[in-house]
Amino acid sequence: MKAFSGKLILTEYTFGQKSRDVALFYCDGTLEYLKILPQPDTLTVGTILIGKCRHQVRNIPAAFFALDQEGTTAFLPTKELRYTRVLNRQFQGKLSDGDEVLLQVKREPVKTKDYAVTDRIELAGRFCVAKLGSGRLFYSKSCQGDVRDVISSYFRYKGLCAPDESLIGFADYDLILRTKAQRMVEEQKLDVLHQDCSDTLKALDHLVRTAAHRSCYSILEKPAGWLENIRQEVGDCGFKIEEYVTDSFRLYTAIQEELSEQKSMTSDPPIRYYQDPQVSLPLLYNIPSRVEEALHTKVWLKNGGYLCIEQTEAMTVVDVNSGSATQGRDSQKLYFETNMEAAAEVLRQLRLRNITGIIIIDFINMEQKAQETEILNFMKNLAAHDYQKIHIYEFTKLGLLEMVREKKGKSLKESIL
């Protein structure tokens with residue numbers, strides 16, 4: 001996919017009575033990415049720490065942990081405890097109140113729900129994920145069979161795995177190769193792939209061993225900083241940041257510090273501190289209108305049709321309507337064109353709003369099955385360039401399209417509560 005360039009705007013925005021830092025990526029005047037930056041005291045998804053078991057609920061089954069001295073609470077399902085690392089005693093398969101356990105934040109608190117944590121710790125590399133396991137090599141589902149054979153053969157040659165694809169020297173960990181690993185094979189950069197996998201496994205092993213000598217509530221690993229996370233997500237969507245623009249000296253300094261820590265200033269885009277008393281940065285980029293549009297239920301399409309997006313606890317429902325674009329035209333052709341425009345806009349809105357979970361789309365009814373297939377393939381191609389994994393299924397007998405966007409952080413609505 002061609003990388004389209006644009007500007008990343010960082011500014012402070014007020015939601016009701018709360019001021020939050022926001023990042024917005026514009027490409028050719030269109031808002032393609034919107035993120036509310038995490039607050040400094042937030043435990044972000046991916047943080048690895050030592051928590052203390054406070055109490056257990058046997059009939060769920062689940063355990064509740066304190067994550068810090070202030071008593072921040074987290075929830076851990078305990079139906080299976082295959083990977084649990086209890087650090088203050090010899091673990092024999094059952095948790096006890098007071099146990100100090102190595103945990104990783106899996107989900108931030110939402111409404112009345114506490115943090116969710118997992119005992120299966122993982123670290124992500126550029127092309128792989130290493131996690132607690134049973135010493136096996138796994139591949140992304142999208143990796144072709146011949147690609148797997150090439151990787152397996154090279155890893156055997158380098159002594160990382162055996163012929164049965166069991167890992168050598170890492171019996172307590174699993175290694176999962178991401179889709180990006182396939183590109184390393186195509187570019188004949190197997191040495192880079194192997195180095196990344198080896199380094200990631202060693203880093204996880206070092207973290208687990210180090211945890212045994214750390215005190216309760218210690219944070220052993222934090223995920224990439226907010227800027228690096230944004231850069232990665234924008235890049236995964238097929239976009240390239242050509243310039244950072246901010247009107248906040250605090251954010252300007254934070255960007256400089258984070259980029260200097262990454263030691264990659266030569267390849268990074270320039271940072272511009274915007275100061276114009278005549279036209280504010282939010283006004284220049286029409287930020288209030290763009291943010292409000294991303295919170296509205298109704299979204300207008302260019303041809304006069306519109307979407308209705310309703311978020312509920314169980315799922316998100318999107319209704320596609322032809323609106324005012326129905327007069328004097330071939331209705332079936334119009335419906336198909338509106339559905340195609342809606343398909344692209346739905347995926348953009350899901351990205352802007354960070355809507356996850358089950359999503360049901362009610363397109364305008366089409367008489368031809370081939371048109372449904374074309375829309376389905378069109379959406380699958382676009383969805384491949386979302387920063388979060390999307391699974392798109394077939395149309396139901398009622399003409400509804402079912403899809404699931406995997407959870408990564410809070411939705412826009414949840415972030416401003």
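The following questions and answers concern a predicted model.

Student: Which helix gives the most residues to the largest nonpolar core?
Tutor: The largest nonpolar core has 39 residues, and those touching the most other members are Leu 102, Ile 151, Phe 155, Leu 175, Leu 177 and Leu 193. Several elements each supply at least two residues of this core, among them strand S4 (48–57), helix H1 (145–157), strand S12 (173–177) and helix H3 (190–211). The greatest contribution, eight residues, comes from H3.

Student: Is His 194 buried or exposed?
Tutor: His 194 is found in helix H3. Leaving out residues up to four places away in sequence, His 194 touches Tyr 154, Phe 155, Lys 158 and Leu 160. Buried means under 20% relative accessible area. Because the relative accessibility of His 194 is 11%, this residue counts as buried.

Student: Which residues, including one from strand S18, form a nonpolar patch on the surface?
Tutor: Strand S18 (residues 316–321) contains Val 317. With a relative accessible area of 33%, Val 317 is partly exposed. The patch has about 210 Å² of accessible area together, and its members are Met 315, Val 317 and Ile 358.

Student: How many bridges join S10 and S12?
Tutor: Five of the five residues of S10 are buried, so this strand is largely enclosed by the rest of the structure. Within the pairing with S12, Cys 128 has Leu 177 as its bridge partner. S10 and S12 pair in the antiparallel sense, and the number of bridges is five.

Student: Which residue in S10 stands opposite Ala 124?
Tutor: Strand S9 (residues 122–124) pairs with S10 in the antiparallel sense over three bridges. S9 and S10 form a hairpin, with three residues between them. Opposite Ala 124, in S10, stands Val 129.

Student: How many residues does the second, separate core have?
Tutor: In soluble globular proteins, nonpolar side chains tend to be buried together. The largest nonpolar core here has 39 residues, Leu 102 among them. A second core is separate and includes Phe 363, Met 379, Leu 401 and Met 403; its residues number 28.

Student: What distance separates the C-alpha atoms of Lys 333 and Val 45?
Tutor: Lys 333 lies in helix H8 (residues 331–353). Lys 333 is exposed, with a relative accessible area of 51%. Lys 333 and Val 45 are 288 residues apart along the chain, and their C-alpha atoms are separated by 45 Å.

Note on methods
Residues numbered from 1 in each chain as written. Predicted model: local features only at pLDDT ≥ 70, side-chain atom pairs only at ≥ 80, totals over all residues. Heavy atoms only, no water. Patch = residues over 30% accessible without salt bridge, like charges linked within 9 Å, V, L, I, M, F, W, Y side chains within 5 Å. Areas by Shrake-Rupley, 256 points an atom, 1.4 Å probe, with all protein chains shown as cover. Salt bridge = Lys/Arg side-chain N within 4 Å of Asp/Glu carboxyl O. Helix = DSSP H or I, 4+ residues; strand = E, 2+ residues; numbered from the N terminus. Buried < 20%, exposed > 50% of the residue type's maximum accessible area, 1.4 Å probe, protein only. Core = buried A, V, L, I, M, F, W, Y, C linked by side-chain atoms within 4.5 Å. Contact = heavy atoms within 4.5 Å. Pairing = 2+ DSSP bridges.
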